[in-house]
Amino acid sequence: MNEAKQVDKSHYGFQRYMSKARWNSVWHQLDEVIRLKPERVLEIGPGPGLFKATAGLFGLAVETLDIDPELKPDHVGSATALPFADNSFDVVCAFQMLEHLPYDVALQAFREMTRVSRGHVIISLPDAKPVWRYVFYLPKIGNFDWLMRRPFARAEAHRFDGEHHWEINKRGHIVDDVLKDLDRIAPTSRSYRVKEMPYHRFIISNTKS
């Protein structure tokens with residue numbers, strides 16, 4: 001199933017992994033989950049464990065699952081065969097994880113996430129579409145902040161780099177097509193790119209709507 005360990009735990013070292021832009025993405029992870037007021041949360045692919053550690057400061061009970069025991073997850077197991085009963089968690093999330101699986105396998109994992117969730121699934125995925133970010137301030141009005149698509153940019157072919165099997169808006173995985181595939185499993189309520197980290201796209205799905 002191509003779910004073998006891809007990187008050593010040293011990959012998640014602070015200077016190497018935790019850029020300022022990635023910190024902004026973690027803020028969105030917390031914001032999306034906290035606003036749902038869940039009692040029980042499952043995170044698949046916890047990486048350095050930052051989400052769970054920070055979420056705990058705000059009273060969230062987060063359990064983690066990974067195939068790599070060196071990351072010390074709460075559960076060691078496969079994302080495509082989650083060792084939990086149906087409807088076990090209020091929220092199931094996977095941040096920058098599903099692209100590490102071949103696309104068809106990633107959809108299987110997403111289906112498993114919806115099975116064990118009784119409310120919502122929250123994921124983030126890499127979005128390769130080139131954009132420019134514009135930010136400016138007008139007195140008495142406030143800040144304006146938006147992303148503009150780079151003109152004439154075309155979708156590139158994706159080449160497996162040892163980690164990512166696919167990315168949104170690479171050739172063959174245009175965002176609308178990916179969202180349609182996910183919608184067939186669980187309806188998408190929102191999708192957006194993090195302005196401070198446009199490479200990260202969040203997708204929030206309702207599993208029991």
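**Exercise 1. Is glycine 162 buried, partly exposed or exposed in this predicted model, and where does glycine 162 sit?**

Step 1. Glycine 162 has a relative accessible area of 34%.
Step 2. Buried means under 20% and exposed means over 50%.
Step 3. Glycine 162 is therefore partly exposed.
Step 4. Now place the residue. Glycine 162 lies in the loop between strand S7 (142-149) and helix H5 (175-183).
Step 5. Add a distance. From C-alpha to C-alpha, glycine 162 and glycine 47 are 16 Å apart in space, and they are 115 residues apart in sequence.

**Exercise 2. Find the place of serine 205, decide whether serine 205 counts as buried or exposed, and list its contacts**.

Step 1. Serine 205 belongs to strand S9.
Step 2. Its relative accessibility is 0%.
Step 3. The cut-off for buried is under 20%, so serine 205 counts as buried.
Step 4. Set aside its neighbours within four places in sequence. Serine 205 is then in contact with Phe110, Gly119, His120, Val121, Ala186, Pro187, Thr188 and Ser189.

**Exercise 3. Work out how helix H2 and helix H3 meet**.

Step 1. Take the axes of H2 (residues 20-34) and H3 (residues 50-57). They come within 10 Å and cross at roughly 50°.
Step 2. Classify the angle. Roughly parallel needs an angle under 35 degrees, and roughly perpendicular runs from 65 to 115. H2 and H3 are therefore oblique to each other.
Step 3. Give the hand. The crossing of H2 past H3 is right-handed.
Step 4. Name the residues in contact. H2 supplies Trp23, Val26, Gln29, Leu30 and Val33, while H3 supplies Leu50, Phe51, Thr54 and Ala55.
Step 5. Sort them. This contact of H2 with H3 has 7 nonpolar residues, 2 polar and no charged.

**Exercise 4. Trace the open sheet, find its edges, and place H2 and H3 on it**.

Step 1. Write the order of the 7 strands: S3-S2-S1-S4-S5-S9-S8, with mixed pairing.
Step 2. Find the edges. Strand S3 (75-76) and strand S8 (188-194) each have a single partner strand, so one side of each lacks a neighbour in the sheet.
Step 3. Look at one pair. Strand S5 (residues 117-126) and strand S9 (residues 197-206) run antiparallel and are joined by 7 bridges. Serine 124 has phenylalanine 202 in S9 as its bridge partner.
Step 4. Add H2. This helix packs on the sheet and touches strand S1 (41-44), strand S4 (89-95), S5, S8 and S9. The direction of H2 makes about 15° with that of S9.
Step 5. Add H3. This helix also packs on the sheet, touching S1, strand S2 (62-66) and S4. The direction of H3 makes about 175° with that of S2.

Methods:
Residues are numbered from 1 along each chain as its sequence is written. This is a predicted model: local features need pLDDT of at least 70, side-chain atom pairs count only at pLDDT 80 or more; totals for chains, interfaces and linings use all residues. Side-chain values use heavy atoms; hydrogens and water are left out. Axes are lines fitted to C-alpha atoms, for helices over the stretch in contact, and angles run from 0 to 180 degrees between N-to-C directions. Helices (H or I, at least four residues) and strands (E, at least two) are DSSP runs, numbered from the N terminus. Angles under 35 degrees count as roughly parallel, over 145 as roughly antiparallel, 65 to 115 as roughly perpendicular and the rest as oblique. A crossing is left-handed if the near helix is turned anticlockwise from the far one by less than a right angle, and right-handed if clockwise. Contact means heavy atoms within 4.5 Å. Ala, Val, Leu, Ile, Met, Phe, Trp, Tyr, Cys and Pro count as nonpolar, Asp, Glu, Lys and Arg as charged, and the others, Gly among them, as polar. Two strands pair if DSSP finds at least two bridges between them. Buried means under 20% relative accessible area, exposed over 50%, partly exposed in between (1.4 Å probe, protein chains only).
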